[in-house]
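User: I would like to learn how to read packing features in a protein model. Please take me through them one at a time.

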Amino acid sequence: MQPIPDFVPQQLAKSLLRRSRQGALATLMPGSGDPYCSLVNLASHPDGSPILLISRLAVHTRNILADNRVSLMLDERASGDPLEGARIMLSGRAEQAESEKDLLQRRYLNAHPSAEAFVSFKDFSFFRIIPSGTHLVAGFGRIVDLKPEQFLTDLAGAEDLLAAESGAVEHMNADHREALGLYATKLLGAAEGDWRCTGCDPEGLDMQDGQTALRLNFPERVTDGTELRKMLVRLAGEARAKVGQKAD
């Protein structure tokens, strides 16, 4: 099928990767090669690739250690018929965290604070799925295969932003919860709630209230802390302007 003209599959795939907090993970059973599917929690790396925290006692982890080829199904949990909502099947390899363990742990716990108790367990480890491609289904005429460069965020030149991310997230959550609420309600049309920041990258800001996650895309790419601050101030101003428009 060919996509219809107003369909932007790259943006939808990126959004699903950033907003998904659970997914169906498929692995291969050693010996037989039979598929094994399980429900897992996940978060996203700054480039959008999925992060898992899984136990070696679980069948899927043992499968990955024997053959790290995996696929991951994510869907937008649309109301009504689930098949009418968008979903992606991401394929790739699950790699255990080594040099990036601190980054993966921080971003995962931002998305799943209750998982902190498991981090110290010796059988739990962080894994990152390195995608080889994804299959997006978003309705009739909206079925597209995408390459990693089409749905992952390019981090080249954004080292300063990544270094500043942890502090920026803490600052937003400690001092700018009102702004986060305005981003969610006035710019993204979400309901009011206890919105907090879980991460940022060159293309946008991730927010969450409970298990409901939102993605605020930036109109332009940002690559350092100064650009990020200016962008967040700008977007807060746009959100407050919408409050004034509604009052008028």
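User: This is a predicted model. Where is Ala97 found?

Analyst: Ala97 sits in the loop between strand 6 and helix 3.

User: Is Ala97 buried or exposed?

Analyst: The cut-off for buried is under 20% relative accessible area. Ala97 has 17%, so Ala97 is buried.

User: Which residues is Ala97 in contact with, leaving aside its neighbours within four places in sequence?

Analyst: With those neighbours left aside, Ala97 contacts Leu104, Phe126 and Phe127. For a long-range reference, take Val233, which is 136 residues from Ala97 along the chain. Their C-alpha atoms are separated by 34 Å.

User: What about Ala94: where is its place, and is it buried or exposed?

Analyst: Ala94 belongs to strand 6. Its relative accessible area is 4%, so Ala94 is buried. Leaving aside neighbours within four places in sequence, Ala94 is in contact with Ile64, Asn68, Val70, Phe127, Arg128 and Ile129. Take the pair with Ile64. The two residues are 30 apart along the chain, and their C-alpha atoms are separated by 6.9 Å.

User: Which residues is Ile64 in contact with, on the same neighbour rule?

Analyst: Beyond four places in sequence, Ile64 contacts Leu25, Thr27, Ile54, Val70, Ala94 and Phe127.

User: How should I read a nonpolar core?

Analyst: Start with the general idea. In soluble globular proteins, nonpolar side chains tend to be buried together. Now the case here. The largest nonpolar core has 25 residues. Those touching the most other members are Leu25, Leu52, Ile64, Leu72, Ile88, Ile129 and Phe151.

User: Which elements give two or more residues to this core?

Analyst: They are helix 1 (9-19), strand 4 (50-55), strand 5 (69-75), strand 6 (87-96), strand 7 (124-137) and strand 8 (143-146). There is also a second, separate core of 23 residues. Its members include Ala179, Ala184, Trp195 and Leu232.

User: Where is the place of Leu214, and what does Leu214 touch?

Analyst: Leu214 lies in strand 11 (residues 212-217). At 15% relative accessibility, Leu214 counts as buried. Not counting residues up to four places away in sequence, Leu214 touches Arg19, Ala184, Leu188, Ala190, Trp195, Leu205, Asp206 and Met207. Compare its position with that of Gly133. The two are 81 residues apart in sequence and 23 Å apart in space, C-alpha to C-alpha.

User: How do I read a pair of packed helices?

Analyst: Two numbers describe such a pair: the angle between the axes and the distance between the axes. Here, helix 3 (residues 101-111) and helix 6 (residues 159-175) pack at about 25 degrees, with axes 12 Å apart. The two helices are therefore roughly parallel to each other. Their crossing is left-handed.

User: Which residues of helix 3 and helix 6 meet?

Analyst: From helix 3 come Leu103, Arg106, Arg107 and Asn110. They meet Glu165, Ser166 and Val169 in helix 6. By class, this contact has two nonpolar, two polar and three charged residues.

User: At what angle do helix 6 and helix 7 pack?

Analyst: Helix 6 and helix 7 (residues 177-187) pack at about 95 degrees, with axes 5 Å apart. That angle makes helix 6 roughly perpendicular to helix 7. Met172, Asn173 and Asp175 in helix 6 meet Arg177, Leu180 and Tyr183 in helix 7. This contact divides into three nonpolar, one polar and two charged residues.

Methods:
Residues are numbered from 1 along each chain as its sequence is written. This is a predicted model: local features need pLDDT of at least 70, side-chain atom pairs count only at pLDDT 80 or more; totals for chains, interfaces and linings use all residues. Side-chain values use heavy atoms; hydrogens and water are left out. A nonpolar core is a set of buried Ala, Val, Leu, Ile, Met, Phe, Trp, Tyr and Cys residues joined through side-chain atoms within 4.5 Å. Buried means under 20% relative accessible area, exposed over 50%, partly exposed in between (1.4 Å probe, protein chains only). Helices (H or I, at least four residues) and strands (E, at least two) are DSSP runs, numbered from the N terminus. Contact means heavy atoms within 4.5 Å. Axes are lines fitted to C-alpha atoms, for helices over the stretch in contact, and angles run from 0 to 180 degrees between N-to-C directions. Angles under 35 degrees count as roughly parallel, over 145 as roughly antiparallel, 65 to 115 as roughly perpendicular and the rest as oblique. A crossing is left-handed if the near helix is turned anticlockwise from the far one by less than a right angle, and right-handed if clockwise. Ala, Val, Leu, Ile, Met, Phe, Trp, Tyr, Cys and Pro count as nonpolar, Asp, Glu, Lys and Arg as charged, and the others, Gly among them, as polar.
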